[in-house]
Amino acid sequence: MALSEYKQNMEQCARCSCCKFVAPPYVESYQYAIGCPSIGYGNFHAYSGGGKVITSLALTSGVIDYSEEMLKTVHACSMCGNCAVSCKFNYAEKVEPLEIIRELRCKIVEDGQSDPAHIQLINYLKREDNIFGGPKADRSAWAEGLGIKDALEEKAEVLLHVGCHYSYDETLWPIIRGAARLLQEAGVDFGIAKKEEICCGGRAYEMGYRQELASYSESLKGRVKEAGCKILLTCCSDCYGSFQQLYPIAGQGLADVEVLHISQYLERLTKEGKLSTGEKVPLRVTYHDPCHLGRLGEPSQPWHGTVKKVLNMMDVTDPPKDVSFGVGGVYDAPRSVLQGIPGVELVEMERIKEYSFCCGAGGGAKEAYPDFALKTALERIEEARSTGAEALVTSCPWCVRNFRDALEESGQQFPVYDLVELVLKGMGTVKKEGAQ
Amino acid sequence: MNIDQNAYDALQSLLGAENISVDPAVLMGYRFSGITFIESLVDRSAAFDPFGGPKPIAVVLPSCAEEVQEIVRICNRYRIHCKAQSTGYGGHAMPGVENVVMVDLRKMNRIVEIDEKNLYAVIEPYVTAHQLQSEVMKRGMNCHVITAGGNHSPLASATSFQGQGPTGFTTSCNQRNLLGAEWVSPTGDLHRIGSPGSDAGWSCGDGPGPDFRGLLRGFTGAAGGLGIFTRIGYKLYPWPAKEKLKKTGKLPVVGVETPENYKFHFAYWESWDEMTEAAYHIMESEVAYSTVRIPQDWWGWFLTPTNNEFYRRFQDGTLPITREHGMHWATLIAGRTKTDFEYKNKVFQKIVADTNGKLLELPAEDEAVLLLQMISPMYTQRLMRAKKSALGMGGPTLAQMESMSLLKKLYETDIDCMKEYVKPGGALMAAGPDGTWAWPSEPRKLWTESVHFLDETPESLAGATEYAGKVLGSIMKDRGSLAFDQRLMIGGVNDIFGPQLGNVQDWMRKIKNAFDPRNVSDHSTYISPEPPPPMPMPPVPEFK
């Protein structure tokens with residue numbers, strides 16, 4: 001749907017400001033009541049989810065035009081989806097702020113108003129099929145020496161989609177190599193697409209590049225089909241969110257394959273007795289829910305229909321819209337895996353699951369406004385510390401990297417682990433052989 | 001209209017470039033009128049154009065009272081209006097005049113103090129009710145949360161508007177929860193009112209120190225039309241539950257486990273007289289913590305995630321609360337001890353039995369959802385999904401601070417007036433025979449508000465206005481005046497209805513001109529400095 005087609009939704013915004021906070025029932029304290037990192041950064045109402053809805057309505061109504069400040073309110077936003085969850089607590093499908101913000105970004109691109117940092121990412125993507133600009137040929141350099149089969153050459157039950165971040169960020173290679181080693185230890189028949197793996201297209205879409213999602217989702221779906229796998233597995237929560245929420249929007253839903261995140265698969269392998277974490281890891285940890293694995297990883301389908309009036313004027317959707325409240329994300333699996341590691345004690349932050357607070361790295365915000373990403377990450381780390389945890393665990397390369405960058409930049413110390421790293425510790429793999 | 005460059009420079013110099021904006025997109029966030037408000041009754045053309053009203057010339061983000069003072073002084077110097085806003089829910093929070101600087105108080109968001117022994121908190125404008133409630137509950141206290149929901153500003157509600165929530169039985173209403181206050185006058189002077197006026201803490205609005213709360217807020221509040229409040233002492237109340245509330249369900253249908261020595265009851269009667277008698281006994285015995293009655297269909301809106309699901313269950317007849325249960329009090333009993341709880345619970349049940357009432361057994365998951373709403377209301381949010389446009393979000397309110405004896409009359413009036421408009425194809429949403437909420441408040445009086453949903457069509461608005469006129473006509477006929485309803489008194493409405501209310505508009509105008517000689521504070525939701533041309537009462541049809 002084009003932005004202008006959301007006019008009725010935009011007009012339904014009551015400007016209640018709920019989008020700025022975590023969903024009303026889950027405000028547990030003064031300090032951690034805020035749910036929107038963007039309003040925390042920019043402060044003016046335009047930075048909030050509702051504010052961007054108002055901007056969208058004003059833009060499509062011809063009331064305003066583009067300006068540098070307007071574009072900053074749109075792009076200093078990690079597209080984390082908190083606004084959608086909080087808004088839907090009140091208004092269900094009536095406003096849909098996240099859908100509107102996505103469309104606003106698409107309109108910005110169509111109107112030639114893209115952020116320069118985003119343009120650079122897209123240029124990389126067009127040239128090398130990844131947004132980091134690394135050579136296509138090096139896509140599977142991370143896997144060197146692991147003996148992983150080429151899933152496009154040899155049939156495998158599981159296609160491991162690694163994603164751009166793990167492929168080209170060498171600081172994260174211990175995690176992805178570790179994940180591969182876990183799969184090998186569990187005897188999983190898996191492969192990767194090697195240099196044929198491409199970006200999922202999700203980050204491009206979040207930056208407003210609709211066509212890139214269309215073409216990459218089509219290509220990737222084709223590769224999955226070509227591989228003939230039963231399971232599409234990814235360690236990247238961004239990719240997972242793309243597969244579950246964005247591919248259906250692009251008409252490329254992956255209905256013929258089971259899409260799993262590594263946390264889900266590790267849980268399954270553990271339950272099946274194929275993986276066992278017997279090594280004690282005495283550590284009190286807190287778990288950060290990545291947005292794209294949580295509320296943005298909830299499977300959903302685009303809705304096409306009409307709004308009818310009943311009881312004289314109550315709006316109902318026909319056919320009924322399957323409203324995504326964020327509760328169907330992947331929340332239990334990573335916690336189950338963590339709690340299965342002997343010695344690990346899980347303590348929760350206040351903002352978790354569908355009302356989790358973002359790390360700040362999403363939506364192209366880190367690239368366009370690094371100070372936004374830094375501020376947001378440090379706020380989350382502070383919340384993690386407040387639980388008494390000795391470390392923060394998450395399950396997303398973007399979150400891990402952004403937290404570690406923020407800690408380094410601010411000169412702070414706080415251990416940040418990917419879930420895979422803790423499982424490796426629990427298996428003693430690191431101690432015995434190292435993940436490298 | 002653009003801001004005077006010298007004024008802009010002065011504001012930027014004071015606050016820094018990051019705390020002032022004149023960008024049109026940013027300003028639209030302070031123009032957009034989210035909720036149709038009372039102006040729909042006065043100016044139909046203004047009702048449904050979200051960008052139709054005056055646009056601010058700048059928005060500023062002060063961090064402290066001193067900055068607010070200086071902003072107001074700059075506005076005086078350059079003959080600019082200003083209007084403060086916290087979370088900005090409701091059309092009254094938006095500018096109503098041209099050449100206005102919006103003062104977004106978002107950065108003034110500190111809970112300065114929580115005094116457990118003396119039961120008050122000192123808060124700044126952008127502390128939300130949910131934030132405050134979450135902190136004080138950890139210390140065995142509660143605060144009033146109006147039905148607009150927990151993301152409203154208690155400071156704004158207590159100083160500049162008014163409101164009632166379901167715990168009003170115990171926690172009164174917000175205009176009565178204001179203790180000491182810090183106020184930047186429209187001339188930029190800083191005053192502390194009540195006990196803080198003599199450096200005697202924030203626990204008392206009456207003094208020692210000057211007390212002119214009545215002048216500054218009256219019953220309805222000046223809604224930003226008379227200076228800017230920057231800090232208040234706010235009443236807190238005991239909260240007996242010892243354990244942290246445990247949430248149940250999943251978004252958006254979230255509930256809470258019943259705390260020890262608590263019980264939720266849904267009691268209903270077959271006549272308004274019996275329901276009224278029960279209310280008197282409940283108030284006399286003080287056994288309730290929260291009590292509320294809302295239009296019966298609306299309970300189903302809490303219990304369902306979407307309009308579709310509500311409508312499906314409404315049609316299926318699977319909602320637990322139906323139109324048979326219209327005469328009800330949803331009540332929360334809260335005991336300090338087991339003995340206290342057993343006593344209160346027993347007394348409540350006896351009152352219900354003695355007045356021929358019945359207790360409705362609800363499924364546990366539904367009871368949990370309604371229980372949360374009795375503690376920390378999110379009524380307006382969960383209900384506005386039915387239809388955003390409401391008749392004045394209060395509309396033809398029938399009584400506030402009134403005698404419980406009026407209960408039967410006001411419901412019968414509302415039902416009588418509504419019946420024509422809730423028929424199929426009518427001007428109002430057909431969500432039950434009435435639209436009236438009621439609370440036994442404090443517990444000594446009746447507080448009611450009527451909320452009626454209407455469509456964004458001229459026909460619906462015309463019908464809704466006609467309906468409101470019928471209600472007014474009925475009250476005029478019965479009581480000879482409109483003195484029942486001070487909630488209507490916002491902005492230009494004062495000059496219409498004021499003559500019915502002891503010429504309150506003249507007093508308000510004197511206050512406005514005395515405190516705000518240059519009319520710096522946006523007067524649109526308070527009173528204009530000069531009387532407008534004579535405005536007749538809207539046509540009030542004869543009520544039959």
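**Figure 1. The area buried between chain B and chain A is about 5400 Å².** Carbon and sulfur atoms give 63% of this area. The model is predicted. Three residues, Arg106(B), Leu251(B) and Asn308(B), supply 13% of what chain B buries against chain A. No other three residues supply more. Chain B brings 77 residues to the contact, and chain A brings 61.

**Figure 2. Polar pairs and salt bridges link chain B to chain A.** Between the two chains there are 25 residue pairs in polar contact, with both residues at pLDDT 80 or more. Salt bridges between chain B and chain A number 3. One salt bridge joins Lys247(B) to Glu28(A). The closest N and O atoms of Lys247(B) and Glu28(A) are 3.4 Å apart, which falls inside the 4 Å cut-off for a salt bridge.

**Figure 3. Helices and strands of chain B line the side that touches chain A.** The elements that each supply at least two residues are β1 (20–21), α2 (24–28), α5 (129–137), β12 (247–250), α11 (307–316) and α14 (379–383) of chain B. Which element gives the most to this side of chain B? The answer is α11(B), with 5 residues. By class, the side of chain B that touches chain A has 38 nonpolar, 21 polar and 18 charged residues.

**Figure 4. The largest pocket has a volume of about 950 Å³.** Its lining counts 44 residues. Closest to the pocket centre are Met1(A), Tyr6(A), Glu96(A), Glu99(A) and Lys321(A). Several elements of chain A give two or more residues to the lining: α1 (7–11), α5 (82–91), α6 (97–110), α11 (210–227), α12 (237–249), β7 (306–310) and β8 (314–318). The largest share comes from α6(A), with 4 residues. The lining divides into 17 nonpolar, 14 polar and 13 charged residues.

**Figure 5. A salt bridge joins Glu11(A) and Lys7(A) within helix α1 of chain A.** The closest N and O atoms of this pair are 2.7 Å apart. Glu11(A) and Lys7(A) sit 4 residues apart, about one turn of the helix. Side chains of opposite charge can pair when their charged atoms come close. Over all chains, the salt bridges come to 60.

**Figure 6. Two cis peptide bonds precede prolines, in chain A and in chain B.** The bond from Asp318(A) to Pro319(A) is cis, with omega near 0°. Pro319(A) lies in the loop between β8 and α14 (332–339) of chain A. The bond from Glu442(B) to Pro443(B) is also cis, with omega near 10°. Pro443(B) is placed in the loop between β18 (436–441) and β19 (445–450) of chain B.

**Figure 7. Met79(A) has a positive phi.** Its phi is near 55°, and the residue is not a glycine. Met79(A) lies in the loop between α4 (68–75) and α5 of chain A.

**Figure 8. Arg231(B) lies in strand β10 (residues 228–235) of chain B.** Leaving aside residues up to four places away in sequence, Arg231(B) touches Val112(B), Val122(B), Ile123(B), Glu124(B), Leu155(B), Gly180(B), Ala181(B), Glu182(B), Arg192(B) and Trp202(B). The side chains of Arg231(B) and Glu124(B) share a polar contact of 3.3 Å. How far apart are the C-alpha atoms of Arg231(B) and His152(B)? They are separated by 15 Å, with the two positions 79 residues apart along the chain counted as their separation.

Conventions
Residues are numbered from 1 along each chain as its sequence is written. Chains are lettered from A and ligands numbered from 1 in the order in which they are written. This is a predicted model: local features need pLDDT of at least 70, side-chain atom pairs count only at pLDDT 80 or more; totals for chains, interfaces and linings use all residues. Side-chain values use heavy atoms; hydrogens and water are left out. Contact means heavy atoms within 4.5 Å. Buried area is the accessible area (1.4 Å probe) that two parts lose on being put together, summed over both. A salt bridge is a side-chain nitrogen of Lys or Arg within 4 Å of a carboxyl oxygen of Asp or Glu. A polar contact is a pair of N or O atoms within 3.5 Å; within protein, one must be able to donate a hydrogen and the other to accept it, and residues adjacent in sequence count only if both atoms are side-chain atoms. Ala, Val, Leu, Ile, Met, Phe, Trp, Tyr, Cys and Pro count as nonpolar, Asp, Glu, Lys and Arg as charged, and the others, Gly among them, as polar. On a 1 Å grid over the protein atoms alone, a cavity is a set of points where a 1.4 Å probe fits but cannot get out, and a pocket is an open set with protein on both sides within 12 Å along at least five of seven lines; lining residues have an atom within 4 Å of a point. Grid points are joined across faces, edges and corners, and a volume is the space filled by probe spheres set on the points.
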